[in-house]
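Colleague: Could you take me through this structure? I should like to begin with the surface and then move inward.

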Amino acid sequence: MAILTEGLAFHERQDPLARRTGARGRKARRPGHNLLVRLRDYRDDVLRFLTDFTVPFTNNQAERDLRMMKLRMKISGTFRTLEGAQVFADIRSVISTVRKHGGNILETLTLSPQQIIARP
């Protein structure tokens, strides 16, 4: 908290960012200032991995899943339909979740959506 307080004080001392004439709303802050505010306001959520070992340190798996979908779209050019893209994303999500929980991917993919949802 001392580091956050020091960082916030530093940002408060900085000159305000330039604004367009007639701009409305709250004053814009620098990215570092925004990060410090979020760390202060969501401290318990940010540090949850320290006390709850089921929470991963990072969200890298979600980032990798999203990157894989983007790569797939680049390789194939595009999906033919929005529905096709959604089905692909759904299947990738199920595979990723089953893998994270140490389950059998092929067995899970043979189940109906209702059976997958009902599984513990």
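**A walk through the model**

Modeller: Tyr42, Val46, Leu47 and Leu50 make up a nonpolar patch on the surface, with a joint accessible area of about 350 Å². Patches consist of residues with over 30% relative accessible area and no salt bridge, where like charges are joined within 9 Å and nonpolar side chains (Val, Leu, Ile, Met, Phe, Trp, Tyr) within 5 Å. A salt bridge is a side-chain nitrogen of Lys or Arg within 4 Å of a carboxyl oxygen of Asp or Glu. Accessible areas come from the Shrake-Rupley method with a 1.4 Å probe, and for residues only the protein chains shown count as cover.

Colleague: What kind of model is this, and how are residues numbered?

Modeller: This is a predicted model, in which local features need pLDDT of at least 70 and side-chain atom pairs count only at pLDDT 80 or more, while totals for chains, interfaces and linings use all residues. Residues are numbered from 1 along each chain as its sequence is written, and side-chain values use heavy atoms, with hydrogens and water left out.

Colleague: Back to the patch. Where does Leu50 lie?

Modeller: Leu50 is in the loop between α3 (43-46) and α4 (60-76). Helices (H or I, at least four residues) and strands (E, at least two) are DSSP runs, numbered from the N terminus. Leu50 is partly exposed, at a relative accessible area of 48%. Buried means under 20% relative accessible area, exposed over 50%, and partly exposed in between (1.4 Å probe, protein chains only).

Colleague: And Phe57, buried or exposed?

Modeller: Phe57 counts as exposed, with 63% relative accessibility. Phe57 too is placed in the loop between α3 and α4. Its C-alpha atom is separated by 9.2 Å from that of Val46, and the two residues are 11 apart along the chain.

Colleague: How many salt bridges are there in the whole structure?

Modeller: The search finds two. One joins the side chains of Arg40 and Asp41 at 2.9 Å, N to O. The other joins Asp45 and Arg48 at 2.3 Å, N to O.

Colleague: How accessible are Asp45 and Arg48?

Modeller: Asp45 is partly exposed at 46%, and Arg48 is partly exposed at 35%. In the other bridge, Arg40 is partly exposed at 38% and Asp41 is partly exposed at 46%.

Colleague: Now inward. Which residues does His11 contact beyond its sequence neighbours?

Modeller: Leaving aside neighbours within four places in sequence, His11 contacts Arg30, Gly32, His33 and Leu36, where contact means heavy atoms within 4.5 Å. His11 belongs to helix α1 (residues 2-13) and is buried, with a relative accessible area of 15%.

Colleague: Which residues of α5 are buried?

Modeller: Ala85, Phe88, Ile95, Ser96 and Val98 are the buried residues of α5. They lie on the same side of α5, because they cover an arc of only 165° around the axis; the arc is that of the directions from the helix axis to the C-beta atoms. On the other side of α5, Leu82, Glu83 and Lys100 are exposed.

Colleague: What follows α5?

Modeller: Gly102 follows α5, with a positive phi near 75°.

Colleague: Finally, how many helices and strands does the protein have?

Modeller: The protein has seven helices and zero strands. Buried residues are 13% of its 120 residues. The protein exposes about 10,400 Å², of which carbon and sulfur atoms supply 58%.
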